[in-house]
Every structure is written in C-alpha cells, then in structure tokens.
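Reader: Please take a close look at a single part of this model, its helices and the loops beside them. I would like one connected account, with the reasoning stated where there is any.

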Amino acid sequence: MTSSAQKPRFRKIQSFRTDYAPTDITQYESERSGMRVVVADRKGPKINGYFTLATEIFDDSGAPHTLEHLVFMGSKNYKYKGLLDKLAGRAYSNTNAWTAVDHTAYTLETAGWDGFAQILPIYLEHVILPNITDDACVTEVHHVDGEGNDAGVVYSEMQALQYSSTELMDLRARRLLYPENIGFRYETGGMMEALRVLTPERIRAFHRAMYHPQNLAIIIVGEADHESLLSILDEFEESIKDDVPLLNADFKRPFVESPQPPPLEKTTVETVEFPEEDESTGEIVVGFFGPSCNDQVQATALNIIMTYLCGSSVSVIENTIVEKEELASSVSWWWDSRPNSVIWFQPTGVATEKLDFVEQRLISLLKEVASKPLDMQYMMECIQRERRQIKFQAEGSEQFYSSNIITDYLFGKRDGSTLAELQTLDEYDVLESWNDGQWRDYLRKWISDAHHVSILGKPSMKLATGLKEAEEARLAKRREELGNEGLELLKEKVENAKKHNEKPIPPEVLDQWPVPKTTSIHFIESATARSGKARSLGTPQNAAQKVIDAAAPADFPLFIQFENVPTNFVHLTVHIGTSETPVKYKPLLPLFADNFFNSPVMVDGERIGFEDVVKRLEKDTVSYQISGAGRVGDNEGMTLQFQLEPEKYTTIIQWLRTLMFDLVFDPVRLKAAVVKALADIPEAKRDGRAMALEVDMAIHMLRESYPVAKRTLVKAVYLRRLKKLLEKEPETVVGWFEELRKSLFTFQNIRVLVTADVAKLPEPVSAWKTLNKGPGLDTSKDILPITRPVAMLNNEGKTPGSFGSVVIPMTTLDSSYSVSTAVGLKSYADPRLPAFLVALGYLEAVEGPLWNAVRGNGLAYGVFFTREVDAGYLQFRVYRSPDASKAIEASRNTVAKIAAGEEPLDRHLVEGAVSGIVLAAADEQATMAAAAQQNFIVGVVRGLEPEWNRKMLARVRDVTPDEIRAVMRDLILPVFEAGKSNVVVTCAPIMEENIVKALSTMGYKTQVQPLSHFYDDYGLQAGEDEDEDEDEDEDDEDDGSGGSDKDDSDEEMDG
C-alpha cells in the first residue's frame, strides 16, 4: 500500500480543455514504469476505460487474440475463472476486449466512478499477471472434441470469418502491401491452421514480450476522480513490481521503432475467390499508402478529400460509378490510421463479369478528377461540414475521444505534442486556405498518381464445394487416425480441462467487495415540454414548458415534444407511422427511404435536381437520415432525423415540408435505387444471422408488418419484377409512390421530437406552421395510436409451436445461427416484468450459467435472449456455433435445472443481474441526445409515466428467488420446448444432417428448406415473358442458400 506520506508517482504531462466541446483532457506518465494515463473528463453517468497495449507480431498464430480471451480466466492473486466478470457485474460494469492488427484493448464500462474504481486494480492484474494455464488454452483457444471436430472459443470465432469475402480480400491486400518484417501484414486473430498448432508457451512468450506497464495506456472517458485514480494505479504498480520489470531499457515501441513499410514499387491487381453459390456479384478493395496519422493537417485533408470524392451520392466517385453508370451499389471508403496510413476504396455489389472494368474505371476516374479544376465551393462545404461533424461527435460520442487517444498512444509522440493537437480544430483553418492546386497536388501524391493494390473479390461455387469436401476429408482422416480410443482420450482431456477451469468461487471471496452505492452515478436530466396534440400527454411544470407556452401560437395542432438539454446542436426527429399504408405498398418503403434525400424537388415552381438537393442539405445540416423507427422503440414506424446548428432550425423545417410534399418521384432515380438494391442482394445472402431472423419473421409475423415487408426475402423477388415494370410502365410505379407518400405524410401520422437548448431556438413552435399547411393535412384529426408490436403477430406468432423447426443450409457459412421463438410478455404493466429482467440478466451474465454451459464448452460464440417487453414473444438466439442444436440443448438443460431448484441461485450473480439493469439504464441516457430520446420512448411510444424507469430500477432490487425461478419456468423454459416454440437454423451444409437429427430428437417437427422457400412477392406478379427467367433464378438458388438480402441496416433489422 502507498503510505499516507507517499504521493502517487505519476507526473502530469499536460492538461487542457478542448475549445469545441466541454471536455478536459489530462495526460500522466508513471515515473517508475512509463505507463501512460489519459483522462478525458466529460459529464454523464458512464465511465469508459480502455486499457490498451500495442501488440505487434510477425506470424498468423493468433497469440494476440488468444490473450484477449485468456486474460479473463484468472490472475496471480485471483485464480478463479469468472471472478473479474462477476465482480464487474455487481459493480454496474461490463468488461470486454478487442484485438486489432496493431493493438489489444480491454474495456471497462461502468455506471459511476465508485464501481469503476473498485474493479480497476483487479482488472489490471488480470491483464498484466494472467494465470495462463494449459487447461484454459484447451477450452478458450482450440481443442479436438470427442467426435473429432475442432472447437474452442477463439477457433470457432475465426472459423466463421476465415473464408468470408471480407477476410480473404483484406488478408491478401495486406500480404501485398507489407513485407514479412512488418506486423501489419499478419492476421492477429489467428488462422485456423495456425490455431490448431498454437502452444500455451508461445502465448505466454508473447505476453511476456508485450504485456507490461511500459507498453500499457490507461485511457478513461467520463467523470473521473483523478486523485483516486492515481492512487489506485500507484498501488497497482507497487503490487506487481516483483513479478514484472517496471522498466526495460531494451524495450522498443511496437510499430514505431520497428522497420517501416517501403513504398509500393508497382501497382498490383489480383483476383481472390471466395466461396459463394451465387456467382453474380463480387466486391473490390483498392488500397494506397497515405500520409502519417501524426500529421494533423495531412490526416484531416485525407478525410476531406475522401468526402469530396465519395462521401455521398453527389460526390464525384459515388455519383458517377453508382448513380449514373450503375456499376456498383456503393463505393465506401476508410483509412487505417498509422505512421504510413492506408487509404481504402471499396466498390460493392459489382457484377462479376465487370470486376476488372470497374476497378479500371475507378482508377481512371480518380486520374480524371485530379486532371481538372476541382469544385472549390463544394470542397469548402466539405471542410465546413466535417468541422461541424467533429464538434457534434465530440459532444455526443465518447468514442471520438477514445479512438483519437488510442491512436495517439500507439503512434504519437511521447512528449504529448501530438495529443495536444486535440485541443483545437486549427487544422480546418489551414485547409480552408488551400487552393485548387494544393488539393490536386495532394490528390495526385497520395491517390491518383500513386501505386496501389487492388483485390477483385470473385464469388466461386467451385471453391465452396472444394472447401466443404476438403474439410470433410481432413476430419475423416483425423477420426481414422485417432480411432475410438484416441477420440475418447480427447473427450476426457476436454472434460478435465473444463473441470479445472470451472472451479467454483467461494462466496466469501466475492463478499470482500461490497456492491458500490449508486450515488456516484450522475444521470443526465432532460426536461420535457409539449406543444400541440402532445399536450394531451401532460404539460410538465418547468422552465422549458414556460418557454414553449409563451412561444406557441393559439390552437397550434402539430404534435411536438421538446427535450431541453444544454447542447450546442438541435436534434430533430419526425416519427411517422405506417399503419395507414396499404400492405401492397409496404415493400416500396426501403426504396422510398433510399430516394427520399436523393430525388429532385419542386421549389416555387422550379425543379431542383437531386444533386443540388443533397448539396444544400449537406450545407444546412450536420447529418440527416431516414430509417426505421426502431431506435425510438417503434419497429412499425419510420423516422426522419436531422442534426443541425440552432440557427438552421427554421431552414430545416422548411426543408422537411419540401421533402414531404414537393419531392418528385423520377423514374430514373427510382431505377437507380432498384439497381443498387438488387446488386446488394447476393452479398446479403452470406449473412446467416440476418437470414435466420428474416425466416423467423416470415413464420411469426403478419405481412402487414413493416419489418416483414422490407426483408431481403421480399426484395429478392419483388425488386426484380419492379425493375421490369419500371421499364415498361414507369407511370404506374410513380403512381404507387405517390399513393405511398399520401399514406405516410398525414397530420394524424406525425409526431415530432425536438432536442435542444430550447431558449436558443428561434421561434421554437411557430417555425412549424409551414408544415401545418402541407397538402392534405387535416389538422382536425386525432393522432393515430402507435402500433403495438404484439398486434403484428400472426396466429403462429401468438401461439408458437405448431410449425416446429426449419434448417436452412447456406454454402457461405462455416458455422450456424439459430432463432427460437415462444410466447413472451405483452405489456410493460405485466407484474412479472422485474423478475423477467433479472432472470434474463442472471442467465446471460458473463461467466454466468449460459456462458459456462455454452461458450465455456465451445458450443457457440454467444447466446442471448431478446427483450421486446410488449411484443408478445420471447426469442433465444445462438450466434456463431459449430452446432446450434447442441447450444440449444445445453441452454435448455441449464435453465431447467435452475427453474426446478435443482441448481441453487447464485446470490452474487443475482446482484450482478440487478447491477446490469442499472448499467443498461445508464447506457440509455449516456448522452444528452440519448437521455432526451429515452423520455420520448417512455412517454410517447410506450405511454408510460415519466418516473417509470426509476421505479423499475427500484422494483428489480426487490425480486425474490422464487419469482426468478417462476419466470424461468413459465416464460423462459418454453422457448426450448417442442410444441411451445419454433426454431430456425441457418448453417453450413456439412452441419445439416446432425442438426436435423438433433432437433427431431428434441421433439421438433423438422424440415429443410432453401431461403427461396420464404420469398414473398406481395402480389407483384411476373409478366408472362418473365416467368421462365425467374424460375431459372429460383432453381439456381434452391440448390443452396437462395437469393436474399440483409435489411437496409442492422439497426433497421433489429430495430
């Protein structure tokens, strides 16, 4: 312990306040070890810690990735697997970690400082002094099970990734960019063939080389107690000084003091095949070396030039290749932040026969842009918008600070000078002074005239078949060599390893640490005020309501809820219901969304082209989007969202009116949207998780449901037919979109949320008068109720069990995914809700019952339940499993024992479950905008009282063990029982037979189907001359996965 006279031995390098957001950044360094500490102080309930090590390796062994898992298996003084996570669970905390090519970061996410301070020293001991046993390596890294299959948590994770198009293309590109002495060349996650022979000693050696205080940064974002923090870290260094050298004079900074990559001497274009039965579309990645991430002006210029080139539908690359020439569904970009950064372009949804042409077209277009004068007005707008977005991110996202500080730790200067550049946005002032010649010189130097590496990702059914046959042969040979006796020995080895790993933690060990008080959790308060029809929900007595009352015109009808927070920005959300939209038009909604901001409009009788619309919107906003309303708690609705500066408030409301009522549905723009969506379908087929969810929806939900109508399994047929109809009868399709618009933008369908510092708003209420005058808006009508999720269940969804199970083999998968569905809660008023939430938290806890039963035994990367409280159903999902049926069976047995009282409830896990609910509440209110949105969800979407969340947090603390077991028995266990639940599994074809047999043994009526079995055309029939083509397409797809497309985004899918 540090004596009272001994001050923590950390020197302050610098401290400064950013001049664009209310954040103070302080940097320290340990005088004993050189350990770095950076704190970004910002207000809110959450403290986020990132304990970061630069991890450089020169092979594909996966040692960095394996440590990310093994660290959680125990440490020198805390030898119990799961101790860290059980303690964290009780302290309103979550632990996690990730492995990147250049670093490993261990995260601690906590509500309030007290919990963070309690866990920090224990966590750091696990990182620096882990207990890496041979048994831990067996279960966490790789083993061969008693049936001769490869398993292990890390192995299963990489098995699901290694033959994906993204992984194969990325790895080949890095092999071409970097020679063998450069760490960026290698797969730090581990290649399967390397993981199969990786030894515990190799892992320990890598830990010794990289894991010590000298190579560690403690990065914290949130309200930190600096005195407490430095004291904890000083005591921690004192406690490890006999085990780890605090300073090593021979230590070299990974990547920084290693050899640097040489410039590319030539351009290389290679084709990489990936396994896929649909060979119609592929992908491209093109990589260039760029400027150093430490040069703030050069790095920021890269963001600007890439935004100029392909930041939106009006940027020259995206506009030409996607919108005009229809050669790809998108062209995305990013850059890897390194001393020699790497700039990436990625055209997706490219017709396979055009891969070579599109790569050449991209390069020629880049040269063409550099050869002519740039649009300097648009360039200036890109700079100004980027500056606005940085300010916005700095206010609302802790990741803005964590990612910048991690990059600075890995590659920045140790004197703090590069970190100090976070204080201002001066680099934007510099870039605003650049002229056309400087920008074009920059473009030529790093991109258009530079050598590059291009990878053409080509789908191959032959490769898919070959990989499957090779894997079957490899496993068969192994089983033959091992024989029954050898397999039995391997089974015994795994069982022994599990037994040693799962040593129970004595209760008195955990009781050394009390559950922290919640007084250090500072929730963000957002004051609600209401105007128009929203007043029917009540008018709070607060200052914000007085401002709104004073500003509201008499008899103002529009439903507006204001949330008053001290933000520098305005967040506008317009919630739109879809209950009045005819079912036959609902498949058009994704196209409607895609075109909403990308179509011409009429203003004062003049038609404005879509490019000008996008440019003006970009100039007037920080960002804007249209999406499903899942983010505000309504899966059946849509939201229009704008982020803007207060002075643009009235302008954006005028834009809303124009877009809603004066948008022109142009057949050319509609066709472009259809072509893009069709090009994305083959790629989406490869997502087993998303496809399992889509099939589950088809089984349990009404066709009227918006999430059902926007599924890829609808798009796969519907869009192909719509494209042909657009070519033959464009006026018919335009008429449909006009009807769709009329069904959406009605007075009774619109609710508005305005999140702002209300006093800063010009005309907060009367500015909306322009919307009241929209054509067809009948302000006398009552607001339509928001559709409850339970109303969208079909008969099978209301009482699942008669369907049974369906297994869908997909050649693109190396693992399996499943969704099991049973009856769930229907209302937030259900008295079982508190016990239900605690029971789910208990079962899902890290190192809890299901974690140990499934992940601990290598049966899946993860399992979890859904929490749609008023949807009427409960789902259990298996993610990335070598056999989903085994994960389901193990989970069922675990829940049954606890529900029956055969296995006692662990008091510490119950405390952890309650703490997890508190952390989830803090998560929902982590930023000002999030806190405001939560008020809207609770009061408007769910119709609950304002204090509902606080009361629920109090009620979960009173849940009894009997109540937990009762909800497990009555609500949760049925999701594992045939006759009471249905199961959807997507899997690799090699797994089909075993999974079908297992589900049948469980009592499920089981069938095997291709994805195309669940297509739905929503009544859009094919023309007589089209039947043959479509049948041919579907026959091809029936051979395996079927043609399908993940939804527009995960957010909309999961919504």
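Author: A residue counts as buried when its relative accessible area is under 20%, and as exposed when that area is over 50%. The model is a predicted one. By that cut-off Tyr 92, with 2% relative accessibility, is buried. Tyr 92 sits in the loop between α2 (83–90) and β5 (93–99). Its phi is positive, about 55°, although Tyr 92 is not a glycine. Most residues other than glycine have a negative phi.

Asp 604 also has a positive phi without being a glycine, here about 50°. Its place is the loop between β19 (601–603) and β20 (606–608). Asp 604 has a relative accessible area of 79%, over the 50% cut-off, and is therefore exposed.

The helix to look at in detail is α16, residues 436–448. A straight helix of 13 residues would span 18 Å at 1.5 Å a residue, but α16 spans only 15 Å between its end C-alpha atoms. At the start of α16, the backbone nitrogen of Gly 437 has a side-chain oxygen of Asn 435 within 3.1 Å.

Buried in α16 are Asp 436, Trp 439, Arg 440, Tyr 442, Leu 443, Trp 446, Ile 447 and Ser 448. These residues take up an arc of only 155° around the axis, so they are on the same side of α16. An α-helix has 3.6 residues a turn, so residues three or four places apart point the same way. The cover over the buried residues of α16 includes two strands, β11 (281–289) and β13 (342–348). It also includes the helices α10 (296–310), α12 (355–371), α13 (376–396) and α15 (426–432).

One of those covering helices, α13, also meets helix α14 (residues 398–411), with axes that come within 5 Å and cross at roughly 100°. The two helices are therefore roughly perpendicular to each other. On the α13 side the contact is made by Ile 390, Gln 393, Ala 394 and Gly 396, and on the α14 side by Glu 398, Phe 400 and Tyr 401.

A second helix pair is α26 (residues 712–728) and α27 (residues 730–744), whose axes come within 5 Å and cross at roughly 120°. That angle makes α26 oblique to α27. From α26, the residues Tyr 718, Leu 722, Leu 725, Leu 726, Glu 727 and Lys 728 meet Pro 730, Val 733 and Trp 736 of α27.

After α27 comes a loop that leads to β23 (750–756), and Asn 749 lies in this loop. With 2% relative accessibility, Asn 749 counts as buried. A polar atom of its side chain is 3.3 Å from the backbone oxygen of Ser 743. Apart from neighbours within four places in sequence, Asn 749 is in contact with His 575, Ile 576, Gly 577, Ser 743, Leu 744 and Leu 784.

Helix α8 (residues 200–210) can be read in the way used for α16. Its buried residues are Ile 203, Phe 206, His 207 and Met 210. Seen down the axis of α8, they fall within an arc of 100°, so they line one face of the helix. They pack against the strand β4 (46–54) and the helices α1 (63–70), α3 (113–128) and α4 (134–140).

Key. Residues numbered from 1 in each chain as written. Predicted model: local features only at pLDDT ≥ 70, side-chain atom pairs only at ≥ 80, totals over all residues. Heavy atoms only, no water. Helix = DSSP H or I, 4+ residues; strand = E, 2+ residues; numbered from the N terminus. Expected span 1.5 Å × (residues − 1). Buried < 20%, exposed > 50% of the residue type's maximum accessible area, 1.4 Å probe, protein only. Arc of directions from axis to C-beta. Contact = heavy atoms within 4.5 Å. Polar contact = N/O pair within 3.5 Å; in protein donor to acceptor, adjacent residues only side chain to side chain. Axes fitted to C-alpha atoms, helices over the stretch in contact; angles between N-to-C directions. Parallel < 35°, antiparallel > 145°, perpendicular 65-115°, else oblique.
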